[in-house]
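Please look over the sequence and the structure shown here before reading on. The briefing that follows moves from the overall fold to the sheet, the helices and the cysteines.

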Amino acid sequence: MYAEPSTTVHSKPMGVSTLTVRGLRIKAHVGWSETEREVAQPVEVDAVIRFSEIPPACYSDELSHTLCYAELSKMIQNRVAEGSFKLLERMAYTLHQALKVRLPSQSLCWIRVTKLHPPVPELAGNTSFSYGDFIPEGH
């Protein structure tokens, strides 16, 4: 959660504000079989936060008045490193819940976890699962 500025010289503008973290690459222990979970494999995490009110940093230009995306990224990395997940669904839900407790009240969160190299021989691409309070534009 961010700190409110001590004084506000501007009226609060109306509008939708979001923070997007896209393409956060992390090594994760994820897979249905125990063997697959033994070795960490690359996953990519995308997160979109929709603020209930415009962050005060929009008019204060102070980092302490918003959510720091470096800190959010580190929190996601730490949460993934702490666990072992059989399913992408569980990983996405766990990250969503961990982010929600750090957000300003009434803010919304969406998470997508992508397994970059799933062990399916016929699958040339990747696979992902998303979970959230809303669906971001373009997803």
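**Briefing on the fold**

Read from the start of the sequence to its end, the protein follows the pattern β-α-β-α-α-β-α-β-β. This is a predicted model, and the protein in it contains 4 helices and 5 strands.

**Overall packing and surface**

- The protein has 139 residues, of which 41% count as buried.
- Among the contacts in the protein with a separation of 6 or more, 65% are accounted for by residues that lie 24 or more positions apart.
- About 8,500 Å² of the protein is exposed, and carbon and sulfur atoms supply 51% of that area.

**The sheet**

- An open sheet is formed by 5 strands in the order β3-β1-β2-β4-β5, and the pairing within this sheet is mixed.
- The edges of the sheet are strand β3, residues 84-85, and strand β5, residues 127-132, each of which pairs on one side only.
- Strand β1, which covers residues 17-30, runs parallel to β3 and is joined to it by 2 bridges; across this pairing, V30 stands opposite F85 in β3.

**Helices against the sheet**

- Helix α3, made up of residues 69-82, packs on the sheet and touches β1, β2 (41-51) and β3, while its direction makes about 25° with that of β1.
- Helix α4, made up of residues 88-100, lies across β1, β2, β3, β4 (108-115) and β5, and runs at about 150° to β4.
- With 13 residues, α4 reaches 18 Å from its first C-alpha to its last, which is close to the 18 Å expected at 1.5 Å a residue.
- Which residues of α4 are buried? They are L88, M91, A92, T94, L95, H96, A98 and L99.
- These buried residues of α4 pack against strands β1, β2, β3, β4 and β5 and also against helix α3.

**Cysteines**

- A search of the whole structure for disulfides finds 0 of them.
- C58 has a relative accessible area of 53% and is therefore exposed, because the exposed class begins over 50%.
- C68, by contrast, counts as buried because its relative accessibility is 17%, and the cut-off for a buried residue is under 20%.

**Points to keep in view**

- When inspecting the model, a reader may begin with α4, whose buried residues include M91, L95 and L99, and then follow this helix across the strands from β1 to β5.
- The two cysteines described above can be compared next, with C58 exposed and C68 buried.

Technical notes. Residues numbered from 1 in each chain as written. Predicted model: local features only at pLDDT ≥ 70, side-chain atom pairs only at ≥ 80, totals over all residues. Heavy atoms only, no water. Disulfide = S-S within 2.5 Å. Buried < 20%, exposed > 50% of the residue type's maximum accessible area, 1.4 Å probe, protein only. Pairing = 2+ DSSP bridges. Contact = heavy atoms within 4.5 Å. Axes fitted to C-alpha atoms, helices over the stretch in contact; angles between N-to-C directions. Expected span 1.5 Å × (residues − 1). Areas by Shrake-Rupley, 256 points an atom, 1.4 Å probe, with all protein chains shown as cover.
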